[in-house]
Every structure is written in structure tokens, then in C-alpha cells.
Amino acid sequence: MTYLEQRRKFIEDGRPLKEKKKYSIPKKSAKRIEKEKSSSVVKEKENLEMWFKDIQMKHFTEFGGSCMECGSHIPLKYARHSTAHLLPKKLFKSVACHPLNFLVLGAGCGCHALTDRVDKFVGMKIWPEAAKRLKTIIPLLPFDELKYLSGQLMTALENT
Ligand SMILES: [Zn+2]
């Protein structure tokens, strides 16, 4: 219907008044919604803590662990620093705590930093394992997170 047709119909219908929206008391108070939101943030943090701890338990002893790329020793106190998310936790919230969404890579040996660039990452020894993990995780992503996947990464995965 064009605007004029709409207008004519409106007049022909006797210019009905718009129905007023009834105000209804929200089932949950704003305060409550806020509280629930903050508790879910706390839960997310707790889950992430557990995720880091699990990885630490599996990949580190009291003496430390080793870089998955070059085998360099990583002191236990750097366990968390050296646990790198494959898909960044900030963008890919749904898989932030996925048991395969990580690699243990040293900061001291420089391997950790190499994963920041796809062109460097694909040249690493650990890339095939990273690609395998990514191929497991990516199909689990919700629609609204797919936009964060870079074309470069997807191409690299297709070629692996
Ligand atoms: Zn290394």
C-alpha cells in the first residue's frame, strides 16, 4: 500500500485512535535483572578460572610445563600467561571455556606472540594441531559470533 492509500484507508476507517499501550509491571524488577546480569558475569569469570586451572593441571607440574611449539621450559608461575586462547575469549564468549580452545605457548621463547598473525601461525609446527582444534570448535559457534572469524583464518583452515 502506498502512503496515499494508507492515508485513505485510515480516513475511511474513521480515523481510529491508536491503541494505547498498557503499562504492565515487569515480571522481574530492573534491580533483579541487574543482579542476575552481574551474577552471570561472576559465573563466566569462575568458569574461566576453572578452565585455566584444568589446563594447568593437565599441562604443568610443580616444576612447570613446556611450550607446545618449541618445547621450551615454562615456569609454573607463567602457566596462565602461556595459555593462549585459539579463538579469543572476548569475541567468542560461547567457547571461551571450551576444552580445546587453547594452546600452551611460551612468552619467553616468543611462540605465544607468533599466533597473533595468521600468516606466522600457519608456519608453526603446532599449526596442524591448532587447525584440528579450530575445526572442532568453529562449528559450535552461534550465528552472532561467526562474523568475528577472519577470512584469513578461514582460508588458512580450508588449506590445511
Ligand atoms: Zn616456544
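So, helix α2: of its 30 residues, the number buried is one, so α2 lies largely in the open. Keep in mind, everyone, that this is a predicted model. The helix covers residues 30–59, and from its first C-alpha to its last it reaches 44 Å, close to the 44 Å expected at 1.5 Å a residue.

Now step back towards the N terminus. α1, residues 3–12, is hardly covered: among its 10 residues, the count of buried ones is zero. Just after α1 you'll find Gly14, with a positive phi of about 85°.

Carry on into the loop between α1 and α2, and you meet Pro26. Is Pro26 buried or exposed? Pro26 is exposed, because its C-beta has 9 others within 10 Å, and the cut-off for exposed is 12 or fewer. I also like Pro26 as a ruler: its C-alpha is separated by 37 Å from that of Pro139, and the two prolines are 113 residues apart along the chain.

Let me zoom out for a moment. The protein has seven helices and four strands. Reading from the N terminus, the order is α-α-β-β-β-β-α-α-α-α-α, so you can place α1 and α2 ahead of the strands, by the numbering from the N terminus.

What about overall dimensions? The C-alpha atoms fill a box of roughly 80 × 40 × 20 Å, along the principal axes. The radius of gyration is 25 Å, whereas a compact globule of 160 residues would be near 15 Å. As for burial, 16% of the 160 residues are buried.

Where, then, is the largest nonpolar core, and which residues have the most contacts inside it? That core has 17 residues, and those with the most contacts inside it are Cys67, Leu86, Leu103 and Leu105. β4, residues 102–104, and α5, residues 127–137, each supply at least two residues of this core. As a general reminder, nonpolar side chains tend to be buried together in soluble globular proteins.

If you click on one residue today, make it Leu103. Leaving aside neighbours within four places in sequence, Leu103 is in contact with Met68, Ala84, Leu86, Ile126 and Ala130. Leu86, by the way, is also on that list of residues with the most contacts inside the core.

One last number goes with that. Take the contacts in the protein between residues at least 6 apart in sequence: 60% of them join residues at least 24 apart.

That's my tour, and I'm happy to go back to any part of it. Thanks, everyone!

Definitions and conventions: Residues are numbered from 1 along each chain as its sequence is written. This is a predicted model: local features need pLDDT of at least 70, side-chain atom pairs count only at pLDDT 80 or more; totals for chains, interfaces and linings use all residues. The expected span of a helix is 1.5 Å times one less than its number of residues. A residue is buried if 20 or more other C-beta atoms lie within 10 Å of its own, exposed if 12 or fewer, and partly exposed in between; C-beta atoms are placed from the backbone. A nonpolar core is a set of buried Ala, Val, Leu, Ile, Met, Phe, Trp, Tyr and Cys residues joined through C-beta atoms within 7 Å. Two residues are in contact if their C-beta atoms, placed from the backbone, lie within 7 Å. The radius of gyration is taken over C-alpha atoms; the globule rule is 2.2 Å times the number of residues to the power 0.38.
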